[in-house]
Amino acid sequence: MPARVDIRFRLNGVGKQLSVSPEMSALAMLRDVIGLTGTKYGCGEGECGACTILVDGLTVNACLMFAADCDGREVMTVEGVSATPRGEALRRAFVEHGAVQCGFCTPGLMMQAWHLLERDPQADAAAIRRGIEGNLCRCTGYKKIVEAIAAASGQTRGQTPVDKSTEVNHG
């Protein structure tokens with residue numbers, strides 16, 4: 001096995017070139033190598049959703065993905081999503097609706113919510129609950145989170161959704 005793997009990918013719209021260990025997770029690369037700490041380490045087993053990122057437009061648990069598998073891909077983190085109008089609407093709605101307490105789960109929930117609203121800008125409460133079911137929150141409870149996402153949905157209606165005919169939600 002090689003000691004290092006050279007990878008090139010786009011991170012939040014910016015080209016990156018790195019040399020990573022073959023066993024390094026995408027989560028460790030993002031947090032420890034690149035310094036983007038918005039993506040959280042939760043369970044390390046893909047069960048909690050705290051490490052949710054987008055890879056080629058699909059949600060992925062960064063703790064389960066090797067950094068080397070980012071090669072040639074488009075990766076978006078909560079920092080990238082936050083810089084979009086929909087991400088800003090989500091951030092505001094989470095705060096206004098009290099959907100943030102300790103904040104540990106918030107980045108992963110925002111990633112799932114952003115992904116959901118990209119595919120279904122008019123998602124109702126049932127669709128929102130289904131869309132975030134892979135993300136755990138121990139503090140806030142889901143009622144406020146669902147309300148926040150619904151409010152953000154109302155603020156972002158009219159934005160063009162992506163083609164969802166080929167997408168699969170892995171989160």
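Helices here are DSSP runs of H or I with at least four residues, strands are E runs of at least two, and both are numbered from the N terminus. The model is predicted, so local features need pLDDT of at least 70 and side-chain atom pairs count only at pLDDT 80 or more, while totals for chains, interfaces and linings use all residues. Residues are numbered from 1 along each chain as its sequence is written, and side-chain values use heavy atoms, leaving out hydrogens and water.

**Exercise 1.** Work out how many helices and strands the protein has, and in what pattern they follow.

Solution. Start with the count: six helices and five strands. Then walk along the sequence, and you get β-β-α-β-β-β-α-α-α-α-α.

**Exercise 2.** Find the strands that pair with β3 (pairing takes at least two DSSP bridges between two strands).

Solution. Take β4 to begin with: four bridges join β3 (residues 52–55) to β4, and the two run antiparallel. Looking at partners in β4, L54 goes with T59 and V55 with L58. The link is a hairpin with two residues in between, and D56 in that turn has a positive phi of about 50°. Now try β5 (residues 74–76): two bridges join this strand to β3, again antiparallel. Here L54 sits opposite M76.

**Exercise 3.** Decide whether the two sides of β3 and β4 are buried or exposed (under 20% relative accessible area is buried, over 50% exposed, partly exposed in between; 1.4 Å probe, protein chains only).

Solution. On β3, T52 and L54 point one way, I53 and V55 the other, and all are buried. Next comes β4 (residues 58–61), with L58 and V60 on one side and T59 and N61 on the other; all are buried, so both faces are covered. For context, 45% of the protein's 171 residues count as buried.

Key:
Two strands pair if DSSP finds at least two bridges between them.
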